[in-house]
Amino acid sequence: MKLLQIALLAITAMGVAGCQVQGMEPNITASNDGETRFMREYGTSLPPIGYVDFCRRQPGECQSINPGQDRITMTRARWVEVNEINTLINRTVAPATDDEIYRTAEYWTLPGNIGDCEDYVLAKRKLLIANGWSESALLITVVRDEQGLGHAVLTAATDMGDIVLDNRTDLIKPWSDTNYVY
């Protein structure tokens with residue numbers, strides 16, 4: 001938990017400097033036409049059981065504090081901010097499986113210095129919400145990776161398209177430019 005507090009302070013400080021970056025423009029729609037920029041919704045779904053268990057154990061982390069809009073307006077400052085948070089968490093949390101850490105197949109939690117994919121998602125989501133991002137626009141997304149295995153990523157719904165924050169890369173991509181099955 002201390003890691004997230006330090007990260008939050010670092011992001012707040014970087015956010016002030018990040019807003020002054022020149023020439024940094026969001027460019028997330030270059031390879032997408034209007035039809036593929038946004039994920040298709042087929043109805044409601046239940047949250048992953050690991051998230052339900054996380055909220056049962058830590059209800060304060062799951063209380064709605066910033067429901068806001070369903071899509072974030074992507075500005076230059078927001079683009080810098082989301083990139084800084086994605087990179088910060090990717091570089092400060094070392095990857096490890098739940099089995100290696102907790103000796104169990106599935107355990108969602110905010111990471112210390114190690115975690116697996118859903119722990120990265122929870123940390124990034126927490127920092128973005130703390131920086132004013134709408135909870136409604138930050139989607140915990142479970143996908144199938146290139147090997148057909150389950151993997152969690154954070155999807156940010158923006159007015160420029162849906163983008164994916166992934167612990168496997170610092171590069172934020174449009175959802176349709178990933179090799180995942182949604």
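This briefing describes the overall make-up of one protein model and then turns to a single residue, E135. The model is predicted, with a mean pLDDT of 84 and with 81% of its residues reaching 70 or more. Two stretches, residues 1–25 and residues 27–32, have pLDDT below 50.

**Confidence**
- Residues 1–25, where the pLDDT is below 50, have 35 contacts in the model beyond near neighbours in sequence.
- Residues 27–32, also with pLDDT below 50, have 14 such contacts beyond near neighbours in sequence.
- Where pLDDT is low, the predicted coordinates should not be read in detail.

**Overall fold**
- The secondary structure consists of five helices and six strands, and along the sequence these elements follow the pattern α-α-α-β-α-β-α-β-β-β-β.
- Of the 182 residues in the protein, 42% count as buried, while the protein exposes about 9800 Å², of which carbon and sulfur atoms supply 54%.
- Among contacts with a separation of 6 or more, 64% join residues that lie 24 or more positions apart.

**The surroundings of E135**
- E135 sits in the loop that runs between helix α5 (117–130) and strand β3 (138–144).
- Although E135 is buried, it has no salt bridge, since the nearest side chain of opposite charge, that of R125, is 4.4 Å away and a salt bridge requires the charged atoms to be within 4 Å.
- The side chain of E135 does make a polar contact, at 3.5 Å, with the side chain of S64.
- Setting aside neighbours within four places in sequence, the residues in contact with E135 are Q63, S64, I65, N66, P67, R125 and I129.

Note on methods
Residues numbered from 1 in each chain as written. Predicted model: local features only at pLDDT ≥ 70, side-chain atom pairs only at ≥ 80, totals over all residues. Heavy atoms only, no water. Helix = DSSP H or I, 4+ residues; strand = E, 2+ residues; numbered from the N terminus. Buried < 20%, exposed > 50% of the residue type's maximum accessible area, 1.4 Å probe, protein only. Lys, Arg positive; Asp, Glu negative; His and termini not counted. Polar contact = N/O pair within 3.5 Å; in protein donor to acceptor, adjacent residues only side chain to side chain. Contact = heavy atoms within 4.5 Å. Areas by Shrake-Rupley, 256 points an atom, 1.4 Å probe, with all protein chains shown as cover. pLDDT = per-residue confidence, 0-100.
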